[in-house]
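Hi there,

Here is the structure I said I would pass on to you. Have a look at it first, and then read my notes below.

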Amino acid sequence: MKPSQSAALGTDSIATLLIKQAVPASIGILVMSLNILVDTIFVGNWIGSIAIAAINVVLPVSFFIAALGMAIGIGGSSIISRALGSDNKERALKTFGNQITLTLLLTTAMVVFGLIFINELIPAFGGKGDIFEPAKIYYRIVLYGVPLLALCMMGNNVIRAEGKPKFAMIAMIIPSVGNLVLDYILINLLDLGMAGAAWATTISYGLCFLYVLWFFLSGKSELKIRLPHFKLNFPILKEMSALGFVTLARQAVVSVTYLLMNNILFDIGGEASVASYGIIARMLMFALFPVLGVTQGFLPIAGYNYGANKFPRVRESINKAILYAGGLGLIIFIVIMIFPEAIVSVFTTDPDILSETPHYMRWVFAATPIIAIQLIGSAYFQAIGKAFPALLLTLTRQGFFFIPLIFILPHYFGELGVWISFPAADILSTIVTGYFLNREIRKTLKE
């Protein structure tokens, strides 16, 4: 990569940079979300609603292992962005080499652990009754490809830290398109059922890995690492782990949330309620793609300019990112409030699920217009290398508020209490994040 391409993060207008970074990130997230969405539609219509619940049970385990790669990628990319901003390329190279080594070691160990305890993990995550067998089939096959996914997630964040969001976008699109094509072949044409759905996912991870490997070996990347860079460096590992732990903790809480939600909803409403949550959870992944895209686009801009001591540009990037993400969140809110029935009907024809899920979906998305503050606020602290506040703010929504609420509110409102917990947690976490972000801006980002 030419030096001017990374240097542009410190010179181009913030609005232009946010658009250049956020649009490819949003497209990549959109395609990945569409993949999950269409995959759910295929599975629901070609295999059955129990299959949706089965996949939803497996997601926490595969997501957590893949999140190791994402955590290492984001933690290391924060260091890389600031190193490039301060013109310390050797530090960036060492960080990238350490990212690869650590990702391989940790994800391989987690896969072995996951396979050994397969019969204990699936019921613990809500795979009970009729859900157990299809979940076990899906889990075993998908787990083989998760290390490749982890390497893709890690590499994708490094590509973005270099200021090459279009290549990062392609890395996200390839497995999504591949999975949909393979879904059609393996599930619909070859009638392989849950095994077909699982192999489609695993092979798509492999396609993504091959593309990321090509990017770093073909001369497209600025980071030309050598064998000495793979040797673990304790100071870099310490900082990368602290920053990456923020992402890992967030994904771990997401996995715990899936576990709790699947079990609580199964006890309250049985398989139908778990299937409803599977549909809503996928809509959360899909509908918020532009907001998450702005958040991802914001990270390298804030990190680079903070490393270059250009604090007014950092402050401007915060304000514009919140403005853009908040506006997009409002549009998403309006669409969900008007068309929930039509959305749910795409996934299933089950009358029980069709009658209840739209109402629940409205509750889940009720606070969408304000979540930009929470997302950008926690991302800012991660971008500038302040791991502890980033960790606390990342955990506020699901860890500190949502999980306690799903235990408390159902005692008063029944199953509705579970769904009310979503907007309540969003509002409370936004208030907390807004306070700490404003204090940090006044304290650090002075004119």
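**What I found**

Let's start inside a helix: Thr95 sits in helix H4. Keep in mind as you read that this is a predicted model. Is Thr95 buried or exposed? Its relative accessibility is 0%, and buried means under 20%, so Thr95 counts as buried. If you skip the residues up to four places away in sequence, Thr95 touches Gly76, Ile79, Ile80, Ile236 and Met240.

Now go to Asn98, which is also found in helix H4, the stretch covering residues 89–116. Asn98 has 0% relative accessibility too, so it counts as buried. What does the side chain of Asn98 reach? The answer is the backbone oxygen of Lys231, at 3.0 Å. Once neighbours within four places in sequence are set aside, the residues in contact with Asn98 are His229, Lys231, Leu232, Asn233, Ile236, Leu237 and Met240. You may recognise two of those names: Ile236 and Met240 are on the list for Thr95 as well.

**Two loop residues to look at**

Some background for this part: most residues other than glycine have a negative phi.

Asp87 is not a glycine, yet its phi is positive, at about 60°. You'll find Asp87 in the loop between helix H3 (49–85) and H4. With a relative accessible area of 70%, Asp87 is exposed, because exposed means over 50%.

Asn309 is another residue other than glycine with a positive phi, in this case near 60°. Where is Asn309? Look in the loop between helix H11 (289–307) and helix H12 (311–338). Asn309 has a relative accessible area of 56%, so this residue is exposed.

**A proline in a loop**

Next, click on Pro369, in the loop that runs between helix H14 (351–364) and helix H15 (371–383). Why does Pro369 count as partly exposed? Its relative accessibility is 27%, and partly exposed covers the range between under 20% and over 50%, so that is the label Pro369 gets. Leaving out neighbours within four places in sequence, Pro369 is in contact with Gly326, Gly329, Leu330 and Phe333. You can also try a distance in the viewer: Pro369 and Ser62 are 307 residues apart along the chain, and their C-alpha atoms are separated by 30 Å.

**Zooming out**

How many helices and strands does the protein chain have? There are 18 helices and zero strands. The C-alpha atoms fill a box of roughly 60 × 45 × 35 Å along the principal axes. For 447 residues, a compact globule would have a radius of gyration near 22 Å, and the chain's 21 Å agrees with that.

Of those 447 residues, 59% count as buried. Taking the contacts in the chain with a separation of 6 or more, 83% come from residues 24 or more positions apart. The accessible surface comes to about 17,400 Å², and 70% of it belongs to carbon and sulfur atoms. As for charge, the chain has 30 positive and 23 negative charges, and the mean positions of the two sets are 17 Å apart.

Have fun turning it around on screen!

Cheers

Note on methods
Residues are numbered from 1 along each chain as its sequence is written. This is a predicted model: local features need pLDDT of at least 70, side-chain atom pairs count only at pLDDT 80 or more; totals for chains, interfaces and linings use all residues. Side-chain values use heavy atoms; hydrogens and water are left out. Helices (H or I, at least four residues) and strands (E, at least two) are DSSP runs, numbered from the N terminus. The radius of gyration is taken over C-alpha atoms; the globule rule is 2.2 Å times the number of residues to the power 0.38. Buried means under 20% relative accessible area, exposed over 50%, partly exposed in between (1.4 Å probe, protein chains only). Contact means heavy atoms within 4.5 Å. Accessible areas come from the Shrake-Rupley method with a 1.4 Å probe; for residues, only the protein chains shown count as cover. Lys and Arg count as positive and Asp and Glu as negative; His and the chain ends are not counted. The place of a charge is taken as NZ of Lys, CZ of Arg, CG of Asp or CD of Glu. A polar contact is a pair of N or O atoms within 3.5 Å; within protein, one must be able to donate a hydrogen and the other to accept it, and residues adjacent in sequence count only if both atoms are side-chain atoms.
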